[in-house]
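Subject: Two-chain model, handover and findings

Hello,

Here is the structure for your files. Please look through it first, then read the notes below.

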Amino acid sequence: MASIRLSVPETAAPGEIIELKALIQHPMESGFRRGARGEAIARDIIERFECVYDGEVVFSSTFHPGMAANPLLTFFTRATVSGDIEFRWTDLTGQSWSETATITVE
Amino acid sequence: MVPEDSPLVLNRRAMIGGVGGLALIGLSPLTASAAPEDLRAAIEERFGDRSIEEARVTLKAPPIAENGYSVPITVSVDSPMTEQDHIQSICILSERNPLPNIADFQMSPRTGRAEVSARIRLGGTQTLLAIAETNSGALYSGTAEIVVTLAACVVL
């Protein structure tokens with residue numbers, strides 16, 4: 001199970017631009033490396049990241065093998081309503097992980 | 001004489017195996033890095049022959065990265081991020097990694113600020129390129145020079 005860490009402010013004023021951080025534990029194996037015996041190590045990367053807030057994808061990203069292991073993203077969104085902000089990662093086999101943080105907007 | 005099954009002999013075998021593995025790595029076409037032509041091809045594939053203006057995009061990265069496995073970068077674009085005028089995507093491209101594409105970020109007015117930070121891999125000293133596209137289809141770019149002491153993809 002991948003470990004996920006989020007940084008989301010607990011409260012924000014309506015319209016305020018807030019900083020979000022999302023980290024997931026993942027090797028992001030590039031597929032370009034070789035093992036000790038010279039055998040190719042298969043590619044195993046997260047390809048897609050989405051952040052859903054107030055019924056809309058507010059930020060998303062496509063990763064290639066050039067992303068470092070344990071991808072950490074820092075990005076922004078405008079606070080609109082109180083509720084959940086969902087962070088979702090999907091790897092190239094279709095397996096996905098998600099985590100939700102709650103924000104109060106007042 | 002050292003018996004055939006002694007640790008010393010095993011160690012020597014392991015050593016020889018390791019050296020052989022290193023030689024294979026050196027010969028492997030998989031470690032070939034992208035040339036600037038690959039970067040140009042990647043830009044052409046994405047944006048065709050549309051003009052890209054070198055403005056508005058700021059790409060921040062350390063001038064010297066001791067380790068190419070994890071290099072923190074921040075890209076920010078000067079944009080009001082309103083419904084009428086916003087950045088809808090930013091891509092990060094490398095001229096020396098095995099693949100020129102590193103990451104794409106999609107944004108909307110709801111993103112609020114056209115800025116994102118990530119950690120990337122770099123296969124050598126190079127000029128990193130970020131290209132941003134506005135909702136009206138205008139393209140802007142910014143670059144950062146990074147000296148990489150220990151490249152990812154070389155030392156395994």
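Buried means under 20% relative accessible area, exposed means over 50%, and partly exposed lies in between (1.4 Å probe, protein chains only). This is a predicted model, where local features need pLDDT of at least 70, side-chain atom pairs count only at pLDDT 80 or more, and totals for chains, interfaces and linings use all residues. Residues are numbered from 1 along each chain as its sequence is written, chains are lettered from A and ligands numbered from 1 in the order in which they are written, and side-chain values use heavy atoms, with hydrogens and water left out.

The chains

Helices (H or I, at least four residues) and strands (E, at least two) are DSSP runs, numbered from the N terminus. Chain A has 0 helices and 8 strands. Its C-alpha trace spans about 60 × 20 × 20 Å along the principal axes. Of the 106 residues in chain A, 45% are buried. Contact means heavy atoms within 4.5 Å. Take the contacts in chain A between residues at least 6 apart in sequence: 56% of them join residues at least 24 apart.

Chain B has 2 helices and 9 strands. The order from the N terminus is α-α-β-β-β-β-β-β-β-β-β. Of its 156 residues, 44% are buried. For chain B, 64% of the contacts with a separation of 6 or more come from residues 24 or more positions apart.

The interface

How many residues does each chain bring to the contact? Chain A brings 40 residues and chain B brings 33 residues. Together they bury about 3000 Å², with 51% of it on carbon and sulfur atoms. Buried area here is the accessible area (1.4 Å probe) that two parts lose on being put together, summed over both. On the chain A side, Phe32(A), Arg34(A) and Phe76(A) lose the most area to chain B, together 22% of what that side buries.

A polar contact is a pair of N or O atoms within 3.5 Å; within protein, one must be able to donate a hydrogen and the other to accept it, and residues adjacent in sequence count only if both atoms are side-chain atoms. The interface has 21 residue pairs in polar contact (both at pLDDT 80 or more). Four strands of chain A each give two or more residues to the side that touches chain B: E3 (17-24), E4 (46-53), E5 (56-63) and E6 (72-78). E5(A) gives the most, with 8 residues. By type, that side of chain A divides into 20 nonpolar, 12 polar and 8 charged residues. In that split, Ala, Val, Leu, Ile, Met, Phe, Trp, Tyr, Cys and Pro are nonpolar, Asp, Glu, Lys and Arg are charged, and the others, Gly among them, are polar.

Strand pairing

Two strands pair if DSSP finds at least two bridges between them. E5(A) runs antiparallel to strand E6 (residues 101-107) of chain B, joined by 5 bridges. Phe59(A) stands opposite Met107(B) there. Within chain A, E3(A) and E6(A) pair in the antiparallel sense over 7 bridges. Lys21(A) has Thr74(A) in E6(A) as its bridge partner. E6(A) is mostly covered, with 5 of its 7 residues buried.

Salt bridges

A salt bridge is a side-chain nitrogen of Lys or Arg within 4 Å of a carboxyl oxygen of Asp or Glu. The whole structure has 7 over all chains. Between chain A and chain B the count is 1. Glu56(A) forms a salt bridge with Arg110(B), at 3.3 Å between the closest N and O atoms.

Arg48(A), Glu50(A), Glu86(A) and Arg88(A) are linked in a network of salt bridges. Arg48(A) meets Glu50(A) at 3.8 Å, N to O. Arg88(A) and Glu86(A) come to 3.4 Å. Arg88(A) is partly exposed at 27% relative accessibility, and Glu86(A) is partly exposed at 23%. Val52(A), in strand E4 of chain A, is in contact with residues including Glu86(A) and Arg88(A).

One more site

Gln126(B) is found in strand E8 (residues 126-134) of chain B. Is Gln126(B) buried or exposed? Gln126(B) is buried, with a relative accessible area of 3%. Its side chain makes a polar contact with the side chain of Ser94(B) at 2.6 Å.

Best wishes

Notes: Lists of a residue's contacts leave out its neighbours within four places in sequence.
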